[in-house]
Amino acid sequence: MFLHTCPIFFHDYIYPMTKITYITHENKSHTVDVQNGLTVMEGAVQNDIPGIDADCGGGMACATCHVYVKEDWLDKLPKKEDGEEDMLDMAFEPKTNSRLSCQLTVSDELDGLIVNIPSKQT
Ligand code: FES
């Protein structure tokens with residue numbers, strides 16, 4: 001949970017947070033709390049996780065938010081939308097467990113998700 005105070009009405013809001021672990025190509029693990037509703041890509045950018053460039057800002061037009069999802073999480077993720085597979089073809093060394101992190105919306109169901117970041121983005 002993350003407590004946030006509205007600067008206008010001074011109400012306190014509690015945003016549900018979900019733990020996401022990002023593992024860099026150098027095998028450095030970063031476990032951070034990401035606000036539900038954001039994407040896995042946005043969680044990385046907001047927490048200065050290295051290796052996710054997100055050049056298009058989440059528009060599914062660059063493939064620079066490419067991650068490898070731990071195999072035991074693959075079935076728990078939403079199916080790829082049209083276009084994601086095409087963009088992944090342009091990613092650096094795509095694999096069967098590749099996803100665009102900008103297409104993964106964080107929710108309670110993703111608590112504990114682990115993603116590996118490739119050695120480089122396209
Ligand atoms: S941020 Fe560009 S495809 Fe995900």
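**Fold, sheet and core of the predicted model**

E109 counts as partly exposed because 13 C-beta neighbours lie inside 10 Å, a number that falls between the limit of 12 or fewer for an exposed residue and that of 20 or more for a buried one. The structure described here is a predicted model, and in this model E109 is found in the loop between β6 and β7. Although E109 and L77 are 32 residues apart along the chain, their C-alpha atoms are separated by 8.7 Å.

The protein as a whole contains 2 helices and 7 strands, and from the N terminus on these elements follow the order β-β-β-β-α-β-α-β-β. The radius of gyration is 15 Å, close to the 14 Å that the globule rule gives for 122 residues, so the protein is as compact as a globular protein of that length. Along its principal axes, the C-alpha trace spans about 45 × 25 × 25 Å. Of the 122 residues, 28% are buried. When contacts with a separation of 6 or more are considered, 61% of them are made by residues that stand 24 or more positions apart.

An open sheet is formed by 5 strands, arranged in the order β4-β3-β7-β5-β6, and the pairing within this sheet is mixed. Its edge strands are β4, comprising residues 29-35, and β6, comprising residues 98-100, each of which pairs on one side only. On average, and with direction ignored, neighbouring strands of the sheet are turned by 40 degrees against each other.

The pairings can be followed across the sheet, beginning at β4. Strands β3 and β4 run antiparallel and are joined by 7 bridges, and within this pairing Y22 stands opposite H30 in β4. On its other side, β3, which covers residues 17-23, runs parallel to β7, which covers residues 113-116, and 4 bridges join the two strands. One of the residues involved is I20, whose bridge partner in β7 is L113. Strand β7 in turn pairs with β5 in the antiparallel sense over 2 bridges, and here V69 has V115 in β7 as its bridge partner. The pairing of β5 with β6 is likewise antiparallel and comprises 3 bridges, with V67 standing opposite R99 in β6.

The side chains of β3 alternate along the strand: T18, I20 and Y22 point to one face and are buried, whereas M17, K19, T21 and I23 point to the other face and are not buried. Of these residues, I20 also belongs to the largest nonpolar core, which has 24 residues and in which I20, V40 and V115 touch the most other members. At least two residues of this core are supplied by each of β3, α1 (40-46), β5 (66-69) and β7, and α1 gives the most, with 3 residues. If residues up to four places away in sequence are left out of account, I20 touches V32, V34, V40, G43, V106, L110 and L113. In this list L113 appears once more, the residue that is also the bridge partner of I20 in β7.

Two residues are notable for their backbone angles. Strands β3 and β4 form a hairpin with 5 residues between them, and N27, which is placed in the loop between these two strands, has a positive phi of about 70 degrees although it is not a glycine. N27 counts as exposed because it has 7 C-beta neighbours inside 10 Å, which lies within the limit of 12 or fewer that applies to exposed residues. A54, found in the loop between α1 and β5, is also a residue other than glycine with a positive phi, in this case near 55 degrees. With 19 other C-beta atoms within 10 Å, A54 is partly exposed, because a residue is counted as buried if 20 or more such atoms are present.

Key. Residues numbered from 1 in each chain as written. Predicted model: local features only at pLDDT ≥ 70, side-chain atom pairs only at ≥ 80, totals over all residues. Pairing = 2+ DSSP bridges. Helix = DSSP H or I, 4+ residues; strand = E, 2+ residues; numbered from the N terminus. Axes fitted to C-alpha atoms, helices over the stretch in contact; angles between N-to-C directions. Rg over C-alpha atoms; globule rule 2.2 N^0.38 Å. Contact = placed C-beta atoms within 7 Å. Core = buried A, V, L, I, M, F, W, Y, C linked by C-beta atoms within 7 Å.
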